[in-house]
Amino acid sequence: MERREELKVRTQAVEQIVESYLPAEEGHQKTIFEAMNYSVRAGGKRLRPMLMQETYRLFGGTGREIEPFMAAIEMIHTSSLIHDDLPCMDNDELRRGLPTTWVKYGYDMAVLAGDALLIFAIETAAKAFALTEHPERVGRAIGLLAQKTGIYGMIGGQVVDVELTDKPISAEKLDFIYRLKTGALLEASMMIGAVMAGADEASIQKTEEMSSAIGLAFQIQDDILDLTSTAEQLGKPVLSDEKNHKTTYVTLEGIDKAKADVAEISERAVTVLKELPGENPFLESLIHMLVNREN
Ligand code: GRG
């Protein structure tokens, strides 16, 4: 099967798994379920659950115990997009080609939908205990999920990003922001895949190194696309960084260097992948596809 076609088929399979863990839209608090499901169903590349599943497969995982974590990581990612779009953050009105959650459901419900998805993700991940013969792996994976999402991960990175809006940023601080704000969830995705498949400690560490590089390349490519793509193609506004007076990798290094660095950093990730035991050619092509992506 051609790689793009394979990506489509696998994305649909991931979609089905994520969908199966979404809450039913019923009861007095129906609005929150609708807002959560609207945001998750809006689409997106489903990159994080896919990377998780492919890493799980790389290390020989074959069971369904990974599925609650796949849904959980997409819920957490979506919760961060909902909050990132709020008027008090980036104040954006378009996401995944649709009105943002706050535009559709109001500021109050969007805050709650982000909160709800974040904690429902943990509730969902805990369902893996019932699907595994290795509860200690599930416990460790839940710890990783929380750590990489929280103050030492994505939220920590976003705090520095918000604080430095409108201010000059050094390359070192920008690197910190990218590694936490974007990189940490990608690290969680791939490390959880490795942990759940029973990978050894050295391999888990290498997986962290590889996914950290992927996260960095991914965020730099995001900066490039914000300047070079269209809202139609991205499903979100372009020139958003300029509007929000944000220093990005492109403003610091220039677009040509940014493009060269994306290629170089992603090659580094592929090199680490090749040092790992097991083989997954699709994962290698996925790394190439996501850093060369157009949306
Ligand atoms: C509520 C958990 C929570 C967090 C709030 C707002 C915030 C803290 C963090 C923002 C983090 C953020 C949005 C980082 C940018 C990461 C990024 C490049 C997102 C785009 O990811 P894609 O391209 O999006 O994978 P799709 O739509 O394809 O899923």
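A polar contact is a pair of N or O atoms within 3.5 Å. Arg 96 meets that cut-off: one of its polar side-chain atoms lies 2.8 Å from an oxygen atom of the ligand. The model shown here is predicted. This briefing covers the ligand site, helix H15 and Ser 266.

**Polar contacts with the ligand**

- The ligand has 18 residues around it. Lys 45, Arg 48, His 77, His 83 and Arg 96 come nearest.
- Lys 45 places a polar side-chain atom 2.6 Å from a ligand oxygen atom.
- For His 77, the distance from a polar side-chain atom to an oxygen atom of the ligand is 2.7 Å.
- On its own, the ligand would expose 760 Å². The protein buries 93% of that area.

**The shell around the ligand**

- Which helix gives the largest share of the shell? Helix H4 does, with 5 residues.
- Four helices each supply at least two shell residues: H4 (67-84), H8 (154-163), H9 (171-196) and H10 (201-228).
- Sorted by class, the shell holds 8 polar, 6 charged and 4 nonpolar residues.

**Helix H15**

- H15 spans residues 281-291. Of its 11 residues, 8 are buried, so the rest of the structure largely encloses this helix.
- A residue counts as buried when its relative accessible area is under 20%.
- The buried residues of H15 are Phe 282, Leu 283, Ser 285, Leu 286, Ile 287, Met 289, Leu 290 and Val 291.
- What do these buried residues pack against? Their partners are helix H1 (3-20), helix H3 (47-58), H9, H10 and helix H14 (255-275).
- H9 and H10 also supply residues to the ligand shell.
- Asn 280 acts at the start of H15. One of its side-chain oxygens comes to within 3.1 Å of the backbone nitrogen of Phe 282.

**Ser 266 in helix H14**

- Ser 266 belongs to helix H14.
- Is Ser 266 buried or exposed? Its relative accessibility is 3%, so Ser 266 counts as buried.
- The Ser 266 side chain reaches the backbone oxygen of Val 262 at 2.8 Å.
- An α-helix has 3.6 residues a turn, so residues three or four places apart point the same way.
- Leaving out residues up to four places away in sequence, Ser 266 touches Ala 217, Ile 287 and Val 291.
- Ile 287 and Val 291 are among the buried residues of H15. H14 is one of the helices that the buried residues of H15 pack against.

Terms used:
Residues numbered from 1 in each chain as written. Predicted model: local features only at pLDDT ≥ 70, side-chain atom pairs only at ≥ 80, totals over all residues. Heavy atoms only, no water. Near = heavy atom within 4 Å. Polar contact = N/O pair within 3.5 Å; in protein donor to acceptor, adjacent residues only side chain to side chain. Areas by Shrake-Rupley, 256 points an atom, 1.4 Å probe, with all protein chains shown as cover. Nonpolar A, V, L, I, M, F, W, Y, C, P; charged D, E, K, R; others polar. Buried < 20%, exposed > 50% of the residue type's maximum accessible area, 1.4 Å probe, protein only. Contact = heavy atoms within 4.5 Å.
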